[in-house]
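Here are a few notes on how the domains sit together in this model. Have a look at it first, then read on.

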Amino acid sequence: MALAVRRVTVLGATGSIGVSTLDVIARHPDRFRLHAITAHRNAERLFEQCLRYQPDYALIDDAVSARELRERLADAGCRTRLLSGRRDLCELAASDESDTVVAGIVGAAGLEPTLAAVRAGKRVLLANKEALVMAGPVFMQAVRDHGAELLPLDSEHNAIFQCLPPGFQPGQLLPAGVRRILLTASGGPFREHDLAALEHVTPDEACAHPNWDMGRKISVDSATMMNKGLELIEACWLFDLVGTDVEVVVHPQSVVHSLVSYADGSVLAQLGNPDMRTPIAHALGFPERLEAGVQPLDLMAVARLDFRPPDMQRFPCLRLAYEALASGGTACATLNAANEIAVDAFLDGRLGFVGIARLVEQTLQLTSLSKLESLDDALAADIAARALAERLLPTLEGRS
Ligand code: NAD
Ligand code: MG
């Protein structure tokens, strides 16, 4: 029987996740049709992607770039229609003309369009972990209310999903015989760095991840291990867990992407080369397996797999994430917003590397937390935490 062609919208198409997604989709023209691609500012890459992949729609944030692109595409004979602005972004995410949405925008900016796709009952492939961290309860309630199919793209969560029993229902760890989730972390580029030298690392050093080639924000998050903190929170929302159900394990080779430990002593792991096209192909094709262009894993070349506990002193961001998760309410939205301000400031040279965790910690300490029951609660907490972190920033500049 011929499989239905999936019509896919890729939010954040010009980023690392977006580029990998388009590569997988292009390998299966019989299975996928590209409905829409979106970008924030990278007009040049969006232009190339329109010519190469011929989506029905493309969207860029500002109207002036959209107008220019529209003319260039017309001159090049490309029929992709150009849209712009946040409202069109959310409408594209929810459009009846697509059934699958890849949430590849980075940061809090991805929350509303991703939620729009969820509320439209789409199959949503979630890379944008910040959306879940910011608004976990609201997001997951929307998934249930609107019958969306949420599939994790983050390699660890995709691995966990693959290692859980088929049909696993969130919150059903005990009946499924699951003892614990083991979330692996590479430890980033500064795993072995002299602690004192961390004060002086540069954005380029922080972005040079030993195993993965990713966008700059997640690369810095990996270097501080805030990424693992965000992923811990992400895992708790996706699979309805509490923090103690999840153990973070440092695994420098990034070959085991996470594990599930069962009551009978079995531990199931998902392994593969560190290439995001694997989880992307898994989620795009689910439950079918698709060719992804990924090199098969050569275990002899890998030769050894190491595991060790995380160093919470070296990586205070991981501790802060555990604490925010335990606090609940708006704590995780506050953590996420402060981290986004801190990472931006670090990338701009306004804050030292060690200052990232300090800024997040101070923002959390000075914020009075409240309940998170609606999207507005999450957005308000995000705005307040950003404003506070911006105010605190000058007090940390130069000292960190
Ligand atoms: P990236 O910086 O390479 O790309 C981000 C994309 O989002 C770009 O297309 C950009 O145009 C768009 N974007 C940025 N700001 C925007 C805004 N304000 N409004 C609309 N669009 C905006 O980032 P990435 O590395 O591809 O990461 C994307 C998401 O996927 C992040 O949440 C990250 O944590 C997650 N993720 C990435 C990887 C990876 O390997 N890169 C792995 C796991 C999870
Ligand atoms: Mg990950």
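1. The domain assignment (bounds from an automatic or database assignment) splits the protein into domain 1 (6-152), domain 2 (155-272 + 296-313) and domain 3 (328-400). Bear in mind that this is a predicted model, where local features need pLDDT of at least 70, side-chain atom pairs count only at pLDDT 80 or more, and totals for chains, interfaces and linings use all residues. Residues are numbered from 1 along each chain as its sequence is written, and side-chain values use heavy atoms, with hydrogens and water left out.

2. Take domains 2 and 3: their C-alpha centres are 24 Å apart. Contact (heavy atoms within 4.5 Å) draws in 17 residues of domain 2 and 15 residues of domain 3.

3. Together these two domains bury about 1,300 Å², with 78% of that on carbon and sulfur atoms; buried area is the accessible area (1.4 Å probe) lost by two parts on being put together, summed over both. On the domain 2 side, Glu199, Lys217 and Met226 supply 36% of the area buried against domain 3, more than any other three residues.

4. How many salt bridges cross the interface of domain 2 and domain 3? The rule (a side-chain nitrogen of Lys or Arg within 4 Å of a carboxyl oxygen of Asp or Glu) finds 1. Arg358 and Glu199 pair up in a salt bridge at 3.8 Å, N to O.

Terms used:
Chains are lettered from A and ligands numbered from 1 in the order in which they are written.
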